[in-house]
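Please keep the viewer open beside this text and make each selection as it is named. The stops are meant to be taken in the order given.

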Amino acid sequence: MDLSAHPNVVLLEHPLLKHKISILRNKLTPTSEFRPVVKEIAMMEAYEALRDLPTVPTEIETPIEKTVQPMVVGHNLCFVPILRAGMGMVDGFTELIPTAHVGHIGLYRDEATHEPHEYYCKLPKGLEDMEVYLLDPMLATGGSGIDAIKMLRKHGAKHIHFVCIIAAPEGVEAFCEANPDVPLYIGALDRQLNENAYICPGLGDAGDRIFGTQN
Ligand code: PRP
Ligand code: URA
């Protein structure tokens with residue numbers, strides 16, 4: 001897939017990130033290791049996705065003297081995981097910016113149709129003035145991401161970013177067609193979807209692997 005047709009897509013290419021994603025892909029990686037690695041990856045992605053974060057000149061006093069230095073104001077930020085799997089990414093973001101707001105959107109994919117279904121939505125007030133970072137490790141058909149962005153917009157969000165770990169070309173195409181203005185950060189662009197709309201090679205079911213609910 002030629003990503004140059006989608007200037008809103010940022011493929012993150014750090015070797016450490018690739019290494020950690022390979023750990024997630026390995027079917028032998030147990031939940032006890034999978035979950036902390038998802039968090040580490042989220043932290044690395046946050047570093048890049050928050051690159052344009054504004055800072056406020058703030059007076060502080062070092063042991064030597066008073067000085068004015070840049071500080072991040074987290075109250076203007078909102079991190080929104082798509083339940084369940086997005087939950088695995090939240091701590092990576094909030095550990096970097098503990099003062100940020102956190103909202104939640106609950107969506108599950110119907111196993112037969114692969115269509116997303118909404119079951120939960122709790123978002124902070126004042127979303128229209130915040131930079132909103134939607135979090136979900138997997139962008140497969142794109143249906144969940146597209147629906148979640150609709151929900152965010154319905155609640156007033158105007159400045160939205162989407163951070164994923166693994167994306168399929170089909171999902172990137174669909175997402176970008178629906179949201180050409182939303183920056184999309186991905187850690188890997190995989191080959192294709194299979195007949196069950198799972199990403200190949202992918203990592204399997206992200207929610208199951210994070211929470212240990214597979215069989
Ligand atoms: C997974 C994943 C995404 C969605 C991606 O969630 O975390 O939300 O599928 O697929 P899509 O791009 O085709 O919509 P799932 O619906 O399996 O729910 P879960 O996290 O609760 O397991
Ligand atoms: N959801 C997942 O968790 N994995 C996939 O490969 C596709 C959707």
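Begin by selecting His114, which sits in the loop between strand 6 (104–109) and strand 7 (116–122). In this predicted model, His114 has a positive phi of about 70 degrees although it is not a glycine, and a check of the backbone torsions at this residue is a reasonable way to start the tour.

**Two cis peptide bonds**

Move next to the bond from Leu83 to Arg84, where the peptide is cis and omega is near -5 degrees. Arg84 belongs to the loop between strand 4 and helix 3. Then go along the chain to Cys200 and Pro201, which are likewise joined by a cis peptide bond, with omega at about 0 degrees. Pro201 is placed in the loop between strand 15 (199–200) and helix 6 (206–211).

**An aromatic pair**

Of the aromatic pairs in the structure, of which there are four, select the one formed by Phe79 and Phe93, whose ring centres are 5.1 Å apart and whose planes stand at 65 degrees, so that the pair is edge-to-face. Phe79 is found in strand 4 (residues 77–83) and Phe93 in helix 3 (residues 87–96), so this pair, 14 residues apart, links distant parts of the chain.

**Helix 1 against helix 2**

Now show helix 1 (residues 15–25) together with helix 2 (residues 31–49), whose axes are 10 Å apart and which pack at an angle of about 155 degrees. Angles over 145 degrees count as roughly antiparallel, and the two helices are therefore roughly antiparallel to each other. The crossing of helix 1 and helix 2 is left-handed. To display the contact itself, select on the helix 1 side Leu16, Leu17, Lys20, Ile21, Ile23 and Leu24, which meet Glu33, Phe34, Val37, Val38, Glu40, Ile41, Met44 and Glu45 of helix 2. Colouring this contact by residue class shows 10 nonpolar residues and four charged ones, with no polar residues.

**A hairpin**

Which strands does a hairpin join through four residues? They are strand 2 and strand 3, and with strand 2 (residues 55–61) and strand 3 (residues 66–72) selected one can follow seven bridges between them, paired in the antiparallel sense. Two positions serve as landmarks in this pairing: Glu59 stands opposite Val68 in strand 3, while Pro57 has Pro70 of strand 3 as its bridge partner.

**A parallel sheet**

The last stop is an open sheet of three strands, in which the pairing is parallel and the order is 9-11-13. Strand 9 (138–139) and strand 13 (188–189) stand at the edges, each with a single partner strand, so one side of each has no neighbour in the sheet. Select strand 11 (residues 166–167) and strand 13 together, and two bridges can be traced between these strands, which run parallel. Ile166 can be taken as the end point of the tour, its bridge partner in strand 13 being Ala188.

Methods: Residues are numbered from 1 along each chain as its sequence is written. Chains are lettered from A and ligands numbered from 1 in the order in which they are written. This is a predicted model: local features need pLDDT of at least 70, side-chain atom pairs count only at pLDDT 80 or more; totals for chains, interfaces and linings use all residues. Side-chain values use heavy atoms; hydrogens and water are left out. Axes are lines fitted to C-alpha atoms, for helices over the stretch in contact, and angles run from 0 to 180 degrees between N-to-C directions. Angles under 35 degrees count as roughly parallel, over 145 as roughly antiparallel, 65 to 115 as roughly perpendicular and the rest as oblique. A crossing is left-handed if the near helix is turned anticlockwise from the far one by less than a right angle, and right-handed if clockwise. Contact means heavy atoms within 4.5 Å. Ala, Val, Leu, Ile, Met, Phe, Trp, Tyr, Cys and Pro count as nonpolar, Asp, Glu, Lys and Arg as charged, and the others, Gly among them, as polar. Two strands pair if DSSP finds at least two bridges between them. Rings of Phe, Tyr and Trp (its six-membered ring) pair if their centres lie within 6.5 Å; planes under 30 degrees apart count as stacked, over 60 as edge-to-face and the rest as tilted.
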